[in-house]
Amino acid sequence: MKLLVTGGAGFIGSNFVHYILREHPQDEIIIVDVLTYAGNLENLSAVEGNPNYRFVKADITDRAALEPLFQAGVDVVVNFAAESHVDRSILEPDVFVRTNILGTQTLLDLAKQYNIQKFVHVSTDEVYGTLGDTGLFTEQTPLQPNSPYSASKAGSDLLVRAYHETFGLNVNITRCSNNYGPYQFPEKLIPLMIQNALSDKPLPVYGDGLNVRDWLYVEDHCSAIDLVIRKGVNGEVYNVGGNNERTNIHVVKTILQELNKPESLITYVQDRLGHDRRYAIDATKIRDELGWNPKYAYESGIRETIRWYLANLEWMDQVRSGAYQQYYDKQYGER
Ligand code: NAD
C-alpha cells in the first residue's frame, strides 16, 4: 500500500510513520510536510534511509507541488497536517483557516481527480464543543466548535463529508481526544510541564486547573488510524478515546510526583479565552466495529512518556533552542 501522509514531521504524524514502517514494513510512505515550527525532521531521523520512506517538503495548499505525487500513484491519503494549537488560533486564526480548511480541500480535490482508494482525515473531539460534568461525545453529537482551531477543523471535516456525499470519494474521519507521548512539541500541556519541572520553572496552569481532558497515548491513536485505513467503512466517522479522563491539575501533579518535584512549582494563570470545560469520548463504535483496543492506561502512558523525554533531553533542548530550525534553514533554504 502506498500512503501519502501529510504532517508526518509533526507529533502524531511522525509517531504514525514509525508505527506503519514497523507494523507494515511492505507499505510505502511519502510524507508531505511544509515544516512549520511544529514540524521536525529529527522526529523521523530513525527512518531515514528506509527505502519505503520519502520526505517531500510541500504545503498542503500548494496544488502544483502536490500534483506530481498523486500523478505518480497514491493509494491512501492520511491527512494529519494542520495548525494544531488552540492558543495560537486565538492569536492568528487566519493561518488555521488557510491550512486546515483550504489545505484539506486541496488534498480532497487531488484525491478525487486521481481516484485514490481512500482519504483518512485526522480530526479532533474539539469539533463537538464542550461537555458539562456528565455525558460523552458520540459520532452523532452535533458539531459546535468553540475556538478558531476547532472551527477550522470542523470546516475541514465538513468538506471531507461533502466530497464523499457529492463526489463519492471513499473517506473516513477520525476524531480523537488529547494525545500524549514521544515527539510532542513542548507548547502542549504534558511536554511543557515535563520541561518546566525538569528546569525547576513555574508550571502554568489555566484557571482553576479543573478542566477535564481524555488522554490517549499516541501509539494507541496510531493503531486506531491503521485499523481505519484497512477496515474503516466508506463514509464513516470514528471517535477514538483513551477512556482516561483527568483534570489538568491531576496531570500536572502526576508529572511532579514522577519527577520528584515540589507542588510549589504550580502557578495558576489567567484562563484561556473560551476554554472548553470538559471533553470525553465514547469510542464504542471503533471498538465494536473495527476491534480497536487501546493498550495504555493513563498511568502507564504517562510514565512511558516521562521516560521518553528523560531519555531524549537533547531532542527537547534542540526544540527549545530553535537549533533544529536553523538546521532546516540550512538544509532546505530560508522559509
Ligand atoms: P503538530 O502541530 O505536532 O503537527 C502538525 C504538522 O503539520 C507539522 O509537522 C507541520 O509542519 C505540518 N503542517 C502544518 N501546516 C502545514 C501545511 N500548510 N502544509 C503541510 N504541512 C503542514 O500536530 P499533531 O499534534 O501531530 O496533530 C496532528 C493532527 O491530529 C492534526 O490534524 C490535529 O488537528 C489532530 N489532533 C491532534 C490532537 C493532539 O492531541 N495532538 C488531538 C486531536 C486531533
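1. Helix α4 covers residues 93-113 of this predicted model. How far apart should the ends of its 21 residues be? At 1.5 Å a residue the expected span is 30 Å, and the end C-alpha atoms are 30 Å apart, so the two values agree.

2. A good part of α4 is turned inward: Phe96, Thr99, Asn100, Ile101, Gly103, Thr104, Leu107, Leu108, Leu110 and Ala111 are buried. As background, an α-helix has 3.6 residues a turn, so residues three or four places apart point the same way. What do the buried residues of α4 pack against? Their partners are the strands β1 (2-6), β4 (76-79) and β5 (118-124), together with the helices α2 (63-71), α3 (86-91) and α5 (148-167).

3. Alanine 162 sits in helix α5. Alanine 162 counts as partly exposed because 14 other C-beta atoms lie within 10 Å, and a buried residue would need 20 or more. From alanine 162 to leucine 108 there are 54 residues in sequence, and the C-alpha atoms are 9.9 Å apart in space. Leucine 108 is one of the buried residues of α4.

4. After α4 comes asparagine 115, in the loop between α4 and β5. Its phi is positive, about 50°, although asparagine 115 is not a glycine. That deserves a second look, since most residues other than glycine have a negative phi. Is asparagine 115 buried or exposed? Asparagine 115 counts as exposed because it has 10 C-beta neighbours inside 10 Å, and the limit for that class is 12 or fewer.

5. Aspartate 200 can be read alongside asparagine 115. Phi of aspartate 200 is near 55°, again a positive value in a residue other than glycine. Where is aspartate 200 found? Its place is the loop between α6 (189-198) and β8 (203-206). Aspartate 200 is exposed, with 9 other C-beta atoms within 10 Å.

6. Glycine 8 lies in the loop between β1 and α1. Why does glycine 8 count as buried? It does so because 30 other C-beta atoms lie within 10 Å, where 20 or more are needed. Leaving out residues up to four places away in sequence, glycine 8 touches Gly13, Ser14, Val17, Ile31, Asp33 and Phe80. Glycine 8 and isoleucine 30 are 22 residues apart in sequence, with 8.8 Å between their C-alpha atoms.

7. Helix α1 (residues 11-23) packs with helix α7 (residues 218-231) at an angle of about 65°, and the axes are 9 Å apart. The crossing of α1 past α7 is right-handed. Which residues make the contact? From α1 they are Ile12, Asn15, Phe16, Tyr19, Ile20 and Glu23; from α7 they are Val218, Glu219, His221, Cys222, Ile225 and Asp226. Sorted by class, this contact has seven nonpolar, two polar and three charged residues.

8. Lysine 231 is also part of helix α7. Lysine 231 counts as partly exposed because it has 13 C-beta neighbours inside 10 Å, which places it between the limits of 12 or fewer for exposed and 20 or more for buried. Lysine 231 and leucine 290 are separated by 59 residues in sequence and by 6.6 Å in space, C-alpha to C-alpha.

9. Leucine 216 belongs to strand β9 (residues 212-217). Leucine 216 is buried, with 28 other C-beta atoms within 10 Å. Which residues is leucine 216 in contact with, leaving aside neighbours within four places in sequence? They are Cys176, Ser177, Asn178, Asn179, His221, Val240, Gly241 and Gly242. Of these, His221 also takes part in the contact of α1 with α7. Aspartate 288 is 72 residues from leucine 216 along the chain, and their C-alpha atoms are separated by 18 Å.

10. Lastly, the record. The UniProt annotation "domain: NAD(P)-binding" comes from an unreviewed entry and covers residues 4-305. In the model, how much of residues 4-305 is helix and how much is strand? The span is 39% helix and 18% strand, and its end C-alpha atoms lie 27 Å apart. The annotation may be inferred rather than shown by experiment.

Note on methods. Residues are numbered from 1 along each chain as its sequence is written. This is a predicted model: local features need pLDDT of at least 70, side-chain atom pairs count only at pLDDT 80 or more; totals for chains, interfaces and linings use all residues. Axes are lines fitted to C-alpha atoms, for helices over the stretch in contact, and angles run from 0 to 180 degrees between N-to-C directions. Helices (H or I, at least four residues) and strands (E, at least two) are DSSP runs, numbered from the N terminus. A crossing is left-handed if the near helix is turned anticlockwise from the far one by less than a right angle, and right-handed if clockwise. Two residues are in contact if their C-beta atoms, placed from the backbone, lie within 7 Å. Ala, Val, Leu, Ile, Met, Phe, Trp, Tyr, Cys and Pro count as nonpolar, Asp, Glu, Lys and Arg as charged, and the others, Gly among them, as polar. The expected span of a helix is 1.5 Å times one less than its number of residues.
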